[in-house]
Amino acid sequence: MSGRHPSRPWGWPRRLVHLGLILAALVFLMLFLVLPLATVFVEAFRQGVSPYVASIQQPEALSAIRLTLLVAVIAVPLNVVFGVAAAWAMARFDFPGKALLGAFIDLPFSVSPVISGLVYVLLFGAQGWFGPWLDAHGVKIIFAVPGLVLATIFITLPFVARELIPLMQSQGSEEEEAARVLGASGWQMFFRVTLPNIRWGLLYGVLLCNARAMGEFGAVSVVSGHIRGLTTTMPLEVEMRYNEYDYVGAFAVASLLALLALLTLGIKTLLEWRYGDELAHAPGGH
Amino acid sequence: MRRRVLPGFGISLGYALAYLGLIVLLPLAALAWKASGIGVRELLHLLSTPRTLAALRLSLGGALLAALVNVAAGLLVGWVLVRYRFPGRRLFDALVDLPFALPTAVAGIALTTLYAPNGWLGGWLAPMGIQVAYTPLGAFVAMVFVGFPFVVRTLQPVLASLERDVEEAAESLGARRWQTFFRVILPMLAPPLLTGFALALARAVGEYGSVIFIAGNIPMRSEIVPLLIVQKLEQFDYAGAAALGVVMLLLSFALLVAVALLQRWSRRWAEHAA
């Protein structure tokens, strides 16, 4: 094809155009993606290894790590159960309002993270709907761990469902119907046929859900109250240290989150590479 | 009728609806309820204060510009990643999702350090009189960062599935390269570009974490709307926060509807063009 018109007398040689475009794209990627990522690690180790290690071993940092893990351990499984249930209903059955349900599942992706926190403050805060009742019964949700968990569940709700719905739709239900006809119970069919068929897609969804759950800032910031050692997750600890001019400390915790992001990207790429045809590539999750 | 064979419709749909209702719909109803309590006149008064107007202008204007930049950059990067082969291509392809994976607070402090007057990029821009950190320009840079993957990721599958023979036909009929690109390729790419644009815009409008670090949050100058919501909450002005929240929410809905309409329109347009 290119041999037919090697290069026009007035056009640039094709090769040169390609090279120019590649270089321009790489410069943009370096400036906007690689440099910020490099900054995190350079700043974390600015004063050497031992201040870095010391700032990660401080009790506030350790409790922030524990809290982040706790929140993710609660939020991710709940959203996995929801995602599987929603995908089963939507990919295997027809019912009125299906499109609307799909739109509602996507909703948390399209609202500002701040709003995800705000809605829970309006429900459970001191002057919220249930605030006085909760106060009278000594239950704390806002400025406490339950609020962090709720806001995180809200923000990460779509990830698993959005990966599984198109995947299960494209796989069809013949194998599951065959299992049923051959006498399998509902759960036998689910664990022996459905789950093995969707395992890589499920893992993909869990991976993205977990990364967001551990890294969420805006939503948890609103409901946290920033009580050190009690309600500060890792991203909030990064913010507090940064605002206290403890830059090495802030970037040290940030470097752990950046490592988590890199790990997530690595596994995600591996999954796409090895099991690409067993995944549904829903474009543009957050 | 075949579907009857499969079990679990009632329980899976019931569970999904109950969960969605409790986690998403009930809280959003509380937001609408709280906002409706303050009345139209007060809402307009709140929205027309100079400080809110300035924040709306930065949130909307900055996001719009950032989404436009992301369309251009996304087209370039998507094109290069799909069409050309070069060392490190897979690595850069994987890296495109970094803004999705990197927590926004981390991105925020990294961008701020990078663009501060003594930072790697800021120190280089300062002699030219360009200050990025602690200005509205900083908010714009953070918005470009968080919205970048959308255009690339919506573009890539479409670009990969384009039939090369259309381009070859155009070229063999004597079209120049730029004519082929603008008259043949770009119309086919319009739907994913528009979708990516709207998604990047929606993300940038609502972005909080990365922007608040780099923008400096100077009232009337570099404050964004989500920050005003947080400030009102900190002053226990729930009604004011809810009012701004509802405005943001309506904005998101409008963008979602716009995406759907744009996609339908551009699909029809692409069919005509093809």
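**Exercise 1.** With which residue does B:Asp97 form a salt bridge, and how far apart are the closest N and O atoms? Place both residues in chain B and decide whether each is buried or exposed.

*Solution.* The model is a predicted one.

Step 1. The partner is B:Arg153, and the closest N and O atoms of the pair are 3.1 Å apart.

Step 2. B:Asp97 sits in the loop between α4 (89-95) and α5 (98-101) of chain B, while B:Arg153 belongs to helix α8 (residues 136-161) of chain B. The two are 56 residues apart, and the pair links distant parts of the chain.

Step 3. The cut-off for buried is under 20% relative accessible area. B:Asp97 has 4% relative accessibility and therefore counts as buried. B:Arg153 has a relative accessible area of 16%, so B:Arg153 is buried.

**Exercise 2.** Which residue of chain A forms a salt bridge with B:Asp97? Describe the surroundings of that residue and the network that holds the pair.

*Solution.*

Step 1. The residue is A:Lys268, with the closest N and O atoms 2.4 Å apart.

Step 2. A:Lys268 is part of helix α13 (residues 247-274) of chain A. Its relative accessible area is 9%, so A:Lys268 is buried.

Step 3. Apart from neighbours within four places in sequence, A:Lys268 contacts A:Tyr204, A:Leu207, A:Leu208 and B:Asp97.

Step 4. A network of salt bridges links A:Lys268, A:Glu272, B:Asp93, B:Asp97 and B:Arg153.

**Exercise 3.** How many residues does each chain bring to the contact between chain A and chain B? Give the buried area and the kinds of residue on the side of chain A.

*Solution.*

Step 1. Chain A brings 102 residues and chain B brings 91 residues.

Step 2. The two chains bury about 8,600 Å² between them, and 77% of this lies on carbon and sulfur atoms.

Step 3. Between chain A and chain B there are 2 salt bridges. Polar contact across the interface joins 8 residue pairs, counting those with both residues at pLDDT 80 or more.

Step 4. On the side of chain A that touches chain B, helix α1 (residues 14-44) of chain A supplies the largest share, with 23 residues. The residues of that side are 71 nonpolar, 19 polar and 12 charged.

**Exercise 4.** How many salt bridges are found over all chains? Examine the pairs A:Glu176 with A:Arg92 and B:Glu223 with B:Arg51.

*Solution.*

Step 1. The whole structure holds 16 salt bridges over all chains.

Step 2. The side chains of A:Glu176 and A:Arg92 meet at 2.6 Å, N to O. A:Glu176 is in helix α9 (residues 174-181) of chain A and A:Arg92 is in helix α3 of chain A, so the pair ties together parts 84 residues apart in sequence. Both A:Glu176 and A:Arg92 are buried.

Step 3. The side chains of B:Glu223 and B:Arg51 meet in a salt bridge at 2.7 Å, N to O. B:Glu223 lies in the loop between α11 (209-215) and α12 (225-234) of chain B, and B:Arg51 in helix α3 (residues 50-83) of chain B, 172 residues apart.

Step 4. B:Glu223 counts as buried because its relative accessibility is 2%. B:Arg51 has 34% relative accessibility and so counts as partly exposed.

**Exercise 5.** Which residues touch the most other members of the largest nonpolar core? Name the helix that gives the most to this core.

*Solution.*

Step 1. The core has 186 residues, and A:Ile105 and B:Tyr115 touch the most other members. Helix α3 (residues 59-92) of chain A gives the most to this core, with 16 residues.

Step 2. With neighbours within four places in sequence left aside, the contacts of B:Tyr115 include A:Phe32, B:Leu121, B:Val132 and B:Ile214.

**Exercise 6.** How many residues of α12(B) are buried? Also locate A:Val223 and state whether A:Val223 is buried or exposed.

*Solution.*

Step 1. In α12(B), 8 of the 10 residues are buried, so the helix is mostly covered. Among them are B:Val225, B:Pro226 and B:Lys232.

Step 2. B:Phe236, just after α12(B), has a positive phi of about 60 degrees.

Step 3. A:Val223 is in helix α11 (residues 218-224) of chain A. With a relative accessible area of 0%, A:Val223 is buried.

Step 4. Beyond four places in sequence, A:Val223 touches residues including A:Gly117, A:Tyr120 and A:Phe143.

Technical notes: Residues numbered from 1 in each chain as written. Chains lettered and ligands numbered in written order. Predicted model: local features only at pLDDT ≥ 70, side-chain atom pairs only at ≥ 80, totals over all residues. Heavy atoms only, no water. Core = buried A, V, L, I, M, F, W, Y, C linked by side-chain atoms within 4.5 Å. Buried < 20%, exposed > 50% of the residue type's maximum accessible area, 1.4 Å probe, protein only. Helix = DSSP H or I, 4+ residues; strand = E, 2+ residues; numbered from the N terminus. Contact = heavy atoms within 4.5 Å. Salt bridge = Lys/Arg side-chain N within 4 Å of Asp/Glu carboxyl O. Buried area = accessible area lost by both parts, 1.4 Å probe. Polar contact = N/O pair within 3.5 Å; in protein donor to acceptor, adjacent residues only side chain to side chain. Nonpolar A, V, L, I, M, F, W, Y, C, P; charged D, E, K, R; others polar.
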